[in-house]
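Colleague: I'm new to this one, so could you walk me through it slowly?

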Amino acid sequence: MTSKKVIVVFGATGSQGGSVARAILEDKDFSVRALTRDVTRPAALALRDLGAEVVRCDLNDQESVKEALKGAYGAFLLTTYWSDFNKEKEVQQGKIVADASKQLGLKHVVYSGLENVKKLTKGKLEVPHFDGKGEVEEYFWSLGVPMTSVRVPPYFENFLSIWKPVKASDGDYYNLLLPMNDIPMDGISVADLGPAVLSIFRSPEEFLGKAVGLSAEFLTIQQYADILSKTLGKVFKDAKMTPEACEKLGFPGAKEIANMMRFFHMKPDRDLKLTHKLNPKVKSFSQFVLENKAAFKDL
């Protein structure tokens, strides 16, 4: 055990961090130090049972972060925007980890990053939960920290939560309310992220200093709907919503989601072939729906 390289996993009890922690725990060369705000959570206890060292850490506290990273080979970092819709706070969290990684000489950080859309579009589009991560990416690289950014597309799991199909008012079918204008959209199951990240940790010479765009599939909203229809035996349709209509829905973050979709219209760089190489068992949307048939029964 002592010869294993320690990978610190931030947010290890969340969906991305949990996927990464579980994948690394199955590897013979690495061990996991799982960080969480609450070490008594069932997800934290489950990771401990699997062999992880579970440590309390506050991403907003520089000393807490430095302590958590001591003696580690590398880290997987996910920063959070959605908990309080605060881009500045997210950027600050990323910078705290970047500074500590530099000071402690970490050999490889994998950051769950995204593009700085505001910068790329010269201010035409603003997507704070992308832009902040883009700023953090730039900061890591400016410090010279050995870092790989993984840019994760929308989760297939979103179709069970925030993108849950909506029963139509004028018939016996369900609508998908995603404003993509017939342009394909990348997707992946968050469960498949972990093995891909593990592959990146195992090949630092190939991925250090790079941004890696992940994707399991690149489908139009109607293709997502067709797969749901075929697998679940109900009728699903692309509602052909526009970004403008999405903006007017008025829920927190509605304009941000509309702008994210406008950015997706520009087909950001996501690499299906590389994703399948990093995780040969990555699931298609069809496999995902089949495996989660019971969860879709609530419609």
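Modeller: Two strands count as paired if DSSP finds at least two bridges between them. With that in mind, and remembering that this is a predicted model, V8 stands opposite R33 in strand 2.

Colleague: Okay, so how many bridges join strand 1 to strand 2, and do they run parallel or antiparallel?

Modeller: Strand 1, residues 5–9, is joined to strand 2 by five bridges, and the two run parallel. Between them in the unit comes helix 1, residues 15–25, and strand 1, helix 1 and strand 2 make a right-handed β-α-β unit.

Colleague: What does strand 2 do with strand 3?

Modeller: Strand 2 also pairs with strand 3, residues 53–56, in the parallel sense, over four bridges, and here R33 stands opposite E53. Strand 2, helix 2 (residues 42–49) and strand 3 make a right-handed β-α-β unit too.

Colleague: Is strand 2 buried or exposed?

Modeller: Seven of the seven residues in strand 2, residues 30–36, are buried, so the strand is largely enclosed by the rest of the structure. In a regular strand the side chains alternate between the two faces of the sheet. In strand 2, F30, V32, A34 and T36 point one way while S31, R33 and L35 point the other way, and all are buried.

Colleague: Switching to helices, why is helix 7 described as largely enclosed?

Modeller: Helix 7, residues 193–202, has seven of its 10 residues buried, so the rest of the structure largely encloses it. The buried ones are L193, G194, A196, V197, L198, I200 and F201.

Colleague: And the aromatics, how many pairs are there?

Modeller: Counting rings whose centres lie within 6.5 Å, the model has 16 aromatic pairs. One of them is F130 with F264, where the ring centres are 6.1 Å apart and the planes are at 65 degrees, so that pair is edge-to-face. F130 lies in helix 6 (residues 128–143) and F264 in helix 11 (residues 254–265), so the pair ties together parts that are 134 residues apart in sequence. Both F130 and F264 are buried.

Colleague: What about Y174 and F236, are they stacked or edge-to-face?

Modeller: The rings of Y174 and F236 have centres 5.3 Å apart and planes at 25 degrees, so that pair is stacked. It links distant parts of the chain, with Y174 in strand 8 (residues 174–176) and F236 in strand 12 (residues 236–238), 62 residues apart. Y174 is buried at a relative accessible area of 8%, and F236 counts as buried at 2%.

Colleague: Which sheet do those two strands belong to, and what is its order?

Modeller: Strands 8 and 12 are in an open sheet of three strands with the order 7-8-12 and mixed pairing. Strand 7 (166–167) and strand 12 are the edge strands, each pairing on one side only. Strand 8 pairs with strand 12 in the parallel sense over three bridges, and D238 in strand 12 is the bridge partner of L176. Helix 9, residues 221–232, lies across strand 8 and strand 12 and runs at about 180 degrees to strand 12.

Colleague: Which residues form the aromatic cluster?

Modeller: F156, F159, W163, Y224, F285 and F288 form one aromatic cluster.

Colleague: Last thing, where do K237 and K95 sit?

Modeller: K237 has its charged end over the ring of Y173, 4.1 Å from the centre. K95 lies over the face of Y139, at 5.0 Å from the ring centre.

Technical notes:
Residues numbered from 1 in each chain as written. Predicted model: local features only at pLDDT ≥ 70, side-chain atom pairs only at ≥ 80, totals over all residues. Heavy atoms only, no water. Buried < 20%, exposed > 50% of the residue type's maximum accessible area, 1.4 Å probe, protein only. Right-handed = clockwise from strand over helix to strand, strands pointing away. Phe/Tyr/Trp six-rings, centres within 6.5 Å; stacked < 30°, edge-to-face > 60°. Lys NZ or Arg CZ within 6 Å of the ring centre and 35° of its normal. Contact = heavy atoms within 4.5 Å. Axes fitted to C-alpha atoms, helices over the stretch in contact; angles between N-to-C directions.
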